[in-house]
Amino acid sequence: PSVDTASGEVAWRASGNYGIGDERTSSGGIYSCVKAHTATGASPKPEDDAVNWLYKSPTNRMAPFDEYIYTTAKRATELRYVLQPGFFNGVALYGIDADSIDVTLRETDGGAVLESWSGSLYAQAFGEWEYLFGNLQKETKWARQGLPIRPAATIDVKLTRNVPGTLAELGYMAVGQWKALLAPMASVGGTQYGAEVTPKSYSYFKRNDDGTYTRRKGRTAKLITATVMIGASEAPAVEALLASILDVPVPVETSGLPRYGHLSTVGFVTGSIVAQSHGIATVNIKVDGNI
């Protein structure tokens, strides 16, 4: 159901009185009333009525499908999505806050299992101090590519908390076509050493003339730069790929190796293709990560 009454959501109705601050859901979004009014049968929906309504956020169930990671779906103990989106060969989850994950890929809804994954989301501690005195790090993302393609495949994602009643959360979910940029004459990714990740802060910071300053904590994102080596014959297809995702946030994984998992995010991709020789080209990629 589009309206998640368990999380306090209330559907908008085209009749009735609305006061300032009232919140209603419509077409996957939560809207706040900014002007007291009486709706009639002919009243436009909140998404079409900028005079009376202001968009606030996606609904609880639709939060993983907007463009931001920080807007999360929340459910006590267990959060589950079962999707049948059509042809797809990859899935990416970001903004995870849970203790364990179970993902099952089926031939059809309720059909034979094609692949499945399950396990804890706790990661290895960075060092002895973190292991002994800090909170163990948890993975906040999960991605898979090269999935078997079926016309009616179903993917079942379940995030679970160890302590009943604790909220499980998911900020972003993409299921679709996963494209890999491969090294020439190889079946592995062509990302070269030297890839960089830079945390980007959206905090407010102002330094005053007397040396004091004002600081307000904000959200953070990632900036990633990388160079990928590809076969020269692949350059036209890669150029078309970069053009197709301009101004569209997409998940990016620069490496499948565990130690390089930090070189990944959801963001806007730009890049240039350099013809190095008759057989080799390089792609200089920059990813401006989302919050």
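Helices here are DSSP runs of H or I with at least four residues, and strands are runs of E with at least two. By that count, the protein chain has 2 helices and 21 strands. The model is predicted.

**Start with the whole chain.** Show the C-alpha trace. Along its principal axes, the trace spans about 70 × 70 × 50 Å. Now colour by burial: 35% of the 291 residues count as buried. Turn on contacts with a separation of 6 or more; residues 24 or more positions apart account for 63% of them.

**Add the surface.** The accessible surface comes to about 16900 Å². Carbon and sulfur atoms hold 53% of that area. Next, select the charged side chains. There are 27 positive and 29 negative ones. The centres of the two sets lie 3 Å apart.

**Zoom to D66.** Go to the loop between β5 (53-58) and β6 (73-76); D66 is found there. Is D66 buried or exposed? D66 is buried, yet has no salt bridge. Select R219 as well. R219 is the nearest side chain of opposite charge, and is 10 Å away from D66.

**Look for polar partners.** Which side chain makes a polar contact with the side chain of D66? Select T71: its side chain makes that contact, at 2.8 Å. Then show the backbone of Y68. The backbone nitrogen of Y68 lies 3.2 Å from a polar atom of the D66 side chain.

**Finish with the neighbours.** Leave out residues up to four places away in sequence. D66 then touches P58, T71, G171 and Y172. T71 thus appears twice on this stop: as a touching residue and as a polar partner of D66.

Conventions. Residues numbered from 1 in each chain as written. Predicted model: local features only at pLDDT ≥ 70, side-chain atom pairs only at ≥ 80, totals over all residues. Heavy atoms only, no water. Buried < 20%, exposed > 50% of the residue type's maximum accessible area, 1.4 Å probe, protein only. Lys, Arg positive; Asp, Glu negative; His and termini not counted. Salt bridge = Lys/Arg side-chain N within 4 Å of Asp/Glu carboxyl O. Polar contact = N/O pair within 3.5 Å; in protein donor to acceptor, adjacent residues only side chain to side chain. Contact = heavy atoms within 4.5 Å. Areas by Shrake-Rupley, 256 points an atom, 1.4 Å probe, with all protein chains shown as cover. Charge placed at Lys NZ, Arg CZ, Asp CG, Glu CD.
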